[in-house]
Amino acid sequence: MIRRSRTAELTAAELAGIRALVDVAFTDFSDHDWAHALGGVHALVLEEGPVLAHGSVVSRRLFQGERPLSCGYVEAVAVHPDTQRRGLGSAVMAALEDLAPAYDLLALSASERGVPLYVSRGWSLWRGPSSVLTSDGPVATPEDDGSIYVLAGASGVDLDGPITCDWRPGDVW
Ligand SMILES: CC(C)(COP(=O)(O)OP(=O)(O)OC[C@H]1O[C@@H](n2cnc3c(N)ncnc32)[C@H](O)[C@@H]1OP(=O)(O)O)[C@@H](O)C(=O)NCCC(=O)NCCS
């Protein structure tokens, strides 16, 4: 029922199915958001037709002070509106969380609707201030404070400390 595939292993029809799902699940899913969801590993629920649920993990670099952290960043978690609250979001997250040993931590930027799902799965709010690394150095991203969640495992990160992400076009977090 749940399948995990790298982006390059997905057919054009499967990618189109994922894009259709995120467009219906989110009201404002941009082309930048779509680009952010590609290039890593996808977990998807497909049942003879539309993609019913999806999420992906892409590799990013975060920094806690001077300490670089390899991060599996979770993107585009979405369940079709007709099949929500049936455990599909949890199934997608479980398949992505299996990738945690490959990284120092998993992280994501939670929508309001995503928060109960992540909290129910043991994800923690990053309480410290966030920033993005630019060519001029770190720039604070206060608009993202309070919506970054991590599954830190044994990496020993300080959730009250500052956290910086690498730069990318569109939403940096
Ligand atoms: C967030 C989302 C992916 C959840 O998917 P889902 O398949 O409905 O989630 P599940 O059925 O696996 O829910 C698992 C648990 O998460 C929590 N949860 C999920 N949605 C919830 C909601 N709307 N209200 C309260 N708790 C919720 C509950 O603890 C739930 O367990 P329960 O149903 O036994 O109470 C889905 O609502 C969605 O696609 N929303 C729109 C897109 C979005 O915001 N995605 C998140 C991006 S960060």
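Strands are here taken as DSSP runs of at least two residues, numbered from the N terminus, and two of them are regarded as paired where DSSP finds at least two bridges between them. In the predicted model, a hairpin of this kind joins β7 to β8 through two residues. The two strands of the hairpin, β7 (residues 130–134) and β8 (residues 137–140), pair in the antiparallel sense over four bridges, and within this pairing Ser131 has Ala140 of β8 as its bridge partner. Strand β7 is also joined to β10 (residues 163–165), to which it runs parallel, by three bridges, with Ser130 standing opposite Ile163 of β10.

The chain as a whole contains four helices and 10 strands, which follow one another from the N terminus in the order β-α-α-β-β-β-α-β-α-β-β-β-β-β. Its radius of gyration is 16 Å, close to the 16 Å that the globule rule gives for 173 residues, so the chain is as compact as a globular protein of that length. The C-alpha trace spans about 50 × 30 × 25 Å along its principal axes. Of the 173 residues, 35% count as buried, and among contacts between residues at least 6 apart in sequence, 73% join residues that are at least 24 apart.

The largest nonpolar core comprises 43 residues, and those with the most contacts inside it are Ala53, Val92, Leu105, Ala107, Tyr149 and Val150. Two or more residues of this core are contributed by each of α1 (12–25), β2 (41–46), β3 (51–64), β4 (67–79), α3 (88–97), β5 (105–109), β9 (148–151) and β10, while the largest share, eight residues, comes from β4. Strand β10 thus appears both among the contributors to the core and as the parallel partner of β7. For Ala53, when its neighbours within four places in sequence are left aside, the residues in contact are Leu44, Val45, Ala78, Val79, His80, Leu88, Gly89, Ala91 and Val92; of these, Val92 is itself listed with the residues that have the most contacts inside the core.

The ligand is surrounded by 19 residues, the closest of which are Gln84, Gly89, Ser90, Gly114 and Pro116. At least two residues of this shell are supplied by each of β4, α3 and α4 (115–120), and by residue class the shell divides into nine nonpolar, seven polar and three charged. Gly89, one of the closest residues to the ligand, is also in contact with Ala53, and both β4 and α3, which supply residues to the ligand shell, likewise contribute to the largest nonpolar core.

Notes:
Residues are numbered from 1 along each chain as its sequence is written. This is a predicted model: local features need pLDDT of at least 70, side-chain atom pairs count only at pLDDT 80 or more; totals for chains, interfaces and linings use all residues. The radius of gyration is taken over C-alpha atoms; the globule rule is 2.2 Å times the number of residues to the power 0.38. A residue is buried if 20 or more other C-beta atoms lie within 10 Å of its own, exposed if 12 or fewer, and partly exposed in between; C-beta atoms are placed from the backbone. Two residues are in contact if their C-beta atoms, placed from the backbone, lie within 7 Å. A nonpolar core is a set of buried Ala, Val, Leu, Ile, Met, Phe, Trp, Tyr and Cys residues joined through C-beta atoms within 7 Å. A residue is near a molecule or strand if its C-beta atom, placed from the backbone, lies within 6 Å of it. Ala, Val, Leu, Ile, Met, Phe, Trp, Tyr, Cys and Pro count as nonpolar, Asp, Glu, Lys and Arg as charged, and the others, Gly among them, as polar.
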